[in-house]
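Here is a friendly walk through one model, taken a region at a time. Please keep the structure open beside the text as you read.

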Amino acid sequence: MFHILVAGHNKAWRQKMRDLLEAEHYTVALAANGEAAMALMEGWHADLAIVSQSGMDALEFTSSLREAGSMLIVLMLADQESPADRKSAFRAGVDDFLPAPFDGEELLLHIRALLRRAKVEQERKIVLGCVTLDYDTFTVWRENEAHILPQKEFLLLFKLLSNPDKVFTRLDLMDEIWGAESNSGWETVTVHIARLRKRFHGWPEFSFLSVRGVGYKAVKMC
């Protein structure tokens, strides 16, 4: 059973979130602000935190978590989205940023994807039919065939296959794999995708699709 912390200043919103999540059999705890959320977590385990950007110290809360070394998954909900808001959120350490408008089903899909990814990252392996990705050795196994990848190629592959069918912008992938301070341009992502396509050409387990004007996604075929 997953435990989800919901933090936001609006009491009616918190209760609405509780009702939605408990209907999906999540265990839920509520906090009115970041300070209350931090205090609550001293005696309560959370697998994921949903924080409201509106009227709450959400960025400060997330930054405090990361400075303390916490890897808690943080999903930030926003009233609106601007490039500046999104960048500030990810720099603070959020894992996902969902701007309005969105409905309950979309929110639940984001939660499931985040928890699934966390499980993959904790186990540090992905298995797709006969293929296994081993994060600790940067190795891709297919039956008795082993491919040891350069670090960036492997991290890019692992990221995409951890989130099948999710479209990542080149900027998302640059920030995640190369870091926000990298001097490399987004063309680096295109080059590495091309290398992965060539390396795994003809493998029936997965493929990479370009989304014109946006970025890339991985598709699991088995």
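## Helix contacts

In the contact between two of the helices, G34, A37, M38 and M41 of α2 meet F61, S64 and L65 of α3. By class, the residues of this contact of α2 with α3 are 5 nonpolar and 2 polar, with no charged ones. Helix α2 covers residues 34-41 and helix α3 covers residues 58-67; their axes come within 9 Å and cross at roughly 35°. Please bear in mind throughout that this is a predicted model.

A second helix pair is found further along the chain. Helix α7 (residues 170-178) packs against helix α8 (residues 187-199) at an angle of about 85°, and the two axes are 9 Å apart. Angles of 65 to 115 degrees count as roughly perpendicular, and α7 and α8 are therefore roughly perpendicular to each other. On the α7 side the contact is made by R170, L173, M174 and W178, which meet T188, V189, T190 and H192 in α8. The residues of the contact of α7 with α8 divide into 4 nonpolar, 3 polar and 1 charged.

## Strands and a hairpin

Now for the strands. Strand β8 (residues 139-142) pairs with strand β9 (residues 145-148) in the antiparallel sense, over 4 bridges. One place to look is R142, whose bridge partner in β9 is E145. The hairpin of β8 and β9 has 2 residues between the strands, and E143 takes a positive phi there, near 55°.

Further on, an open sheet is formed by 3 strands in the order β10-β12-β11, with antiparallel pairing. Its edge strands, which each pair on one side only, are β10 (168-169) and β11 (206-211). Between β11 and strand β12 (residues 215-220) the antiparallel pairing runs over 6 bridges. As a landmark in that pairing, L209 has K217 in β12 as its bridge partner.

## Two pockets

Which residues lie closest to the centre of the largest pocket? They are F90, D95, R117, K159 and E176, out of the 42 residues that line the largest pocket. The elements that give two or more residues to this lining are α4 (83-92), β5 (96-99), α5 (104-123), α6 (151-162), β10 and α7. Two of these have been met above: β10 as an edge strand of the open sheet, and α7 as a helix packed against α8.

The second largest pocket has W13, K16, M17, L77 and F102 nearest its centre. Here the elements that give two or more residues to the lining are α1 (11-22), β4 (73-78) and α5. Helix α5 thus appears in the lists for both pockets.

The table sets the two pockets side by side.

| Pocket | Volume | Lining residues | Lining by class | Element giving the most |
|---|---|---|---|---|
| Largest pocket | About 1,500 Å³ | 42 residues | 20 nonpolar, 7 polar, 15 charged | α5, 9 residues |
| Second largest pocket | About 310 Å³ | 17 residues | 8 nonpolar, 6 polar, 3 charged | α1, 4 residues |

To revisit the pockets on screen, you might start from R117 and K159, two of the residues closest to the centre of the largest pocket. For the second largest pocket, W13 and F102 are among those nearest its centre.

Definitions and conventions:
Residues numbered from 1 in each chain as written. Predicted model: local features only at pLDDT ≥ 70, side-chain atom pairs only at ≥ 80, totals over all residues. Heavy atoms only, no water. Axes fitted to C-alpha atoms, helices over the stretch in contact; angles between N-to-C directions. Parallel < 35°, antiparallel > 145°, perpendicular 65-115°, else oblique. Contact = heavy atoms within 4.5 Å. Nonpolar A, V, L, I, M, F, W, Y, C, P; charged D, E, K, R; others polar. Pairing = 2+ DSSP bridges. 1 Å grid on protein atoms, 1.4 Å probe; cavity = no way out; pocket = protein on both sides within 12 Å on 5 of 7 lines; lining within 4 Å. Points joined across faces, edges and corners; volume = space filled by probe spheres on them.
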